[in-house]
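Reader: I'd like to practise reading a fold and its charged pairs. Could you walk me through it, step by step?

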Amino acid sequence: MRSPRRCSRNGCPRQAVATLTYVYNESTAVVGPLAAFAEPHTYDLCEPHARSLTAPRGWEVVRHEGEFEPPPPTTDDLVALAEAVREAARPAPRPPSDAQTQNAHPTPPPTSRRGHLRVIPPTH
């Protein structure tokens, strides 16, 4: 299952709820709701970092005025969770019993050639 996106600030363990995007040609930093996908030139921020962000002198900060809410779980997360539950519920395969292993006649695996090398199976 995918883990939730975390804040991009170094050492911050909180979940991201906002996305920071720089618009260089307008000298503007835009802080808005969390983008649907992580983009290469954007930064995910937790609420405290999104609220306290400052921009360099001469730059403008455009900030989302509403509440920053964590994103709802996606169907990918729900499908991954269901698969993990199914996998955990499967019974483990049973090892062969002693009677089955004594009756079986082991056949040595064949050797194979690759170019000038030959693979020789280990002997038990």
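Reader: In what order do the elements of the protein chain run from the N terminus on?

Author: Happy to start there, keeping in mind that this is a predicted model. The order is β-β-β-α-β-α-α-β-β, with 3 helices and 6 strands in the protein chain.

Reader: How many salt bridges does a search of the whole structure find?

Author: Here is the general idea: side chains of opposite charge can pair when their charged atoms come close. In this model the search finds 2 salt bridges. One joins the side chains of Arg5 and Asp44, at 2.8 Å from N to O. This pair links distant parts of the chain, 39 residues apart: Arg5 sits in the segment before strand E1 (18-23), and Asp44 belongs to strand E3 (residues 42-45).

Reader: Is Asp44 buried or exposed?

Author: Asp44 is buried, at a relative accessible area of 8%. Its partner Arg5 is partly exposed, at 24%. The cut-off for buried is under 20%, so Asp44 with 8% falls within it, whereas Arg5 with 24% does not.

Reader: Where do Arg51 and Glu47 lie?

Author: Both are in helix H1 (residues 47-52), 4 residues apart, which is about one turn of the helix. Their side chains form a salt bridge of 3.5 Å, N to O. Arg51 is partly exposed at 34% relative accessibility, and Glu47 is partly exposed too, at 28%.

Reader: What share of the 124 residues in the protein chain is buried?

Author: Buried residues account for 17% of them. The protein chain exposes about 10,400 Å², and carbon and sulfur atoms supply 56% of that area.

Conventions
Residues are numbered from 1 along each chain as its sequence is written. This is a predicted model: local features need pLDDT of at least 70, side-chain atom pairs count only at pLDDT 80 or more; totals for chains, interfaces and linings use all residues. Side-chain values use heavy atoms; hydrogens and water are left out. Helices (H or I, at least four residues) and strands (E, at least two) are DSSP runs, numbered from the N terminus. Buried means under 20% relative accessible area, exposed over 50%, partly exposed in between (1.4 Å probe, protein chains only). Accessible areas come from the Shrake-Rupley method with a 1.4 Å probe; for residues, only the protein chains shown count as cover. A salt bridge is a side-chain nitrogen of Lys or Arg within 4 Å of a carboxyl oxygen of Asp or Glu.
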